[in-house]
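Welcome! Let us take a friendly walk through a protein model, from its overall build to its interior.

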Amino acid sequence: TRDCSVQRRHQKLIEEAPAPGIPDAVRERLHAAAVTVARTIGYTNAGTVEFLYADGEFWFMEMNTRLQVEHPVTEAITGLDLVEWQLRIAAGEPLPFLQSALAPRGHAVEVRVCAEDPDHDFVPSSGLLHRADWPVAAAGVRVDAGFAAGDTVPSDYDSLLAKVIAHGRDRSESIERLQNALRRTHLAGVADNGAWLHRALGTGSFRAGGVTTRFLLEQADALAAPAAPPAEALQAAARAVLAAPRERALQVAQASPWEDRKSTRLNSSHSLPS
């Protein structure tokens, strides 16, 4: 099972597996219903059956006869390569394992880093991507990136730039790892939702689990970007740095030769610039 409730405009932004807050008995019914759908239409291959879930009950919504964007969270908790197995099944190979052999190992969460502006209703952003520093692969962290520095983000297609996935022993560890990965993500040239995703993962509502598709509306205040310092404050800070007393400059020079502002010529005296 996967939970994909954090959405904007009915498009997913955060996905996790296993879906939190679902009783085991309901989870078994979900599994059985999904298998029934596939068998009824004679479908054999990778696919996702989507349900709406609330208060212990669920309703069939649709089936996607393909891999979903969020398939890495399922791969993380099962240890299976779903891309490999859909190709093997299409080639006629039987699965060498039973459903009973599959059990979730830990927890996984994925975020979709998109070229969009959360402060302006997630309007898409396009242009030259001047900088794209994705997290270096670390314990429990996976990055599926489609863009690098120097690429042009077009306006004609989906705004997805990359998926960042974290796997941990439990839900809390996977969220912590994902937030750390987002802190190591730096983009420039187009607007992106990286900071928004980091705030979303840190809200008490998301940490508690069981959020709904109304998450953006209910957590609007917590998800809003912090107010930027006024321009006057930034200008005053810059003037203060530039106008530092010469005594301070001398102290710095004495503390480190690399910060020495004196001019020096070999075998000659040095002087402080006027």
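The paragraphs below begin with the whole chain and then turn to the core and the cysteines.

Keep in mind that this is a predicted model. The protein has 274 residues, and 35% of them count as buried. Along the chain you can find 10 helices and 13 strands. How do distant parts of the sequence meet? Among contacts with a separation of 6 or more, 60% link residues that lie 24 or more positions apart. On the outside, the accessible surface comes to about 16500 Å², and carbon and sulfur atoms hold 54% of that area.

Now look inside. In soluble globular proteins, nonpolar side chains tend to be buried together. Here the largest nonpolar core contains 33 residues, and V6, I14, V111, W196, L201 and F206 have the most contacts inside it. Several elements each supply at least two residues of this core: the strands β2 (11–17), β5 (107–114) and β12 (160–168), together with the helices α4 (171–183), α5 (194–202) and α7 (215–218).

W196 is a good place to pause. Leaving aside residues up to four places away in sequence, W196 touches V6, L13, P118, F122, L216 and L223. One of these partners, V6, is also among the residues with the most contacts inside the core.

Finally, consider two cysteines. Are they buried or exposed? C4 counts as buried because its relative accessibility, 13%, is under the 20% cut-off. C114 has a relative accessible area of 2%, so C114 is buried as well. As for disulfides, the structure holds zero.

Note on methods:
Residues are numbered from 1 along each chain as its sequence is written. This is a predicted model: local features need pLDDT of at least 70, side-chain atom pairs count only at pLDDT 80 or more; totals for chains, interfaces and linings use all residues. Side-chain values use heavy atoms; hydrogens and water are left out. A disulfide is a pair of cysteine sulfur atoms within 2.5 Å. Buried means under 20% relative accessible area, exposed over 50%, partly exposed in between (1.4 Å probe, protein chains only). Helices (H or I, at least four residues) and strands (E, at least two) are DSSP runs, numbered from the N terminus. Contact means heavy atoms within 4.5 Å. Accessible areas come from the Shrake-Rupley method with a 1.4 Å probe; for residues, only the protein chains shown count as cover. A nonpolar core is a set of buried Ala, Val, Leu, Ile, Met, Phe, Trp, Tyr and Cys residues joined through side-chain atoms within 4.5 Å.
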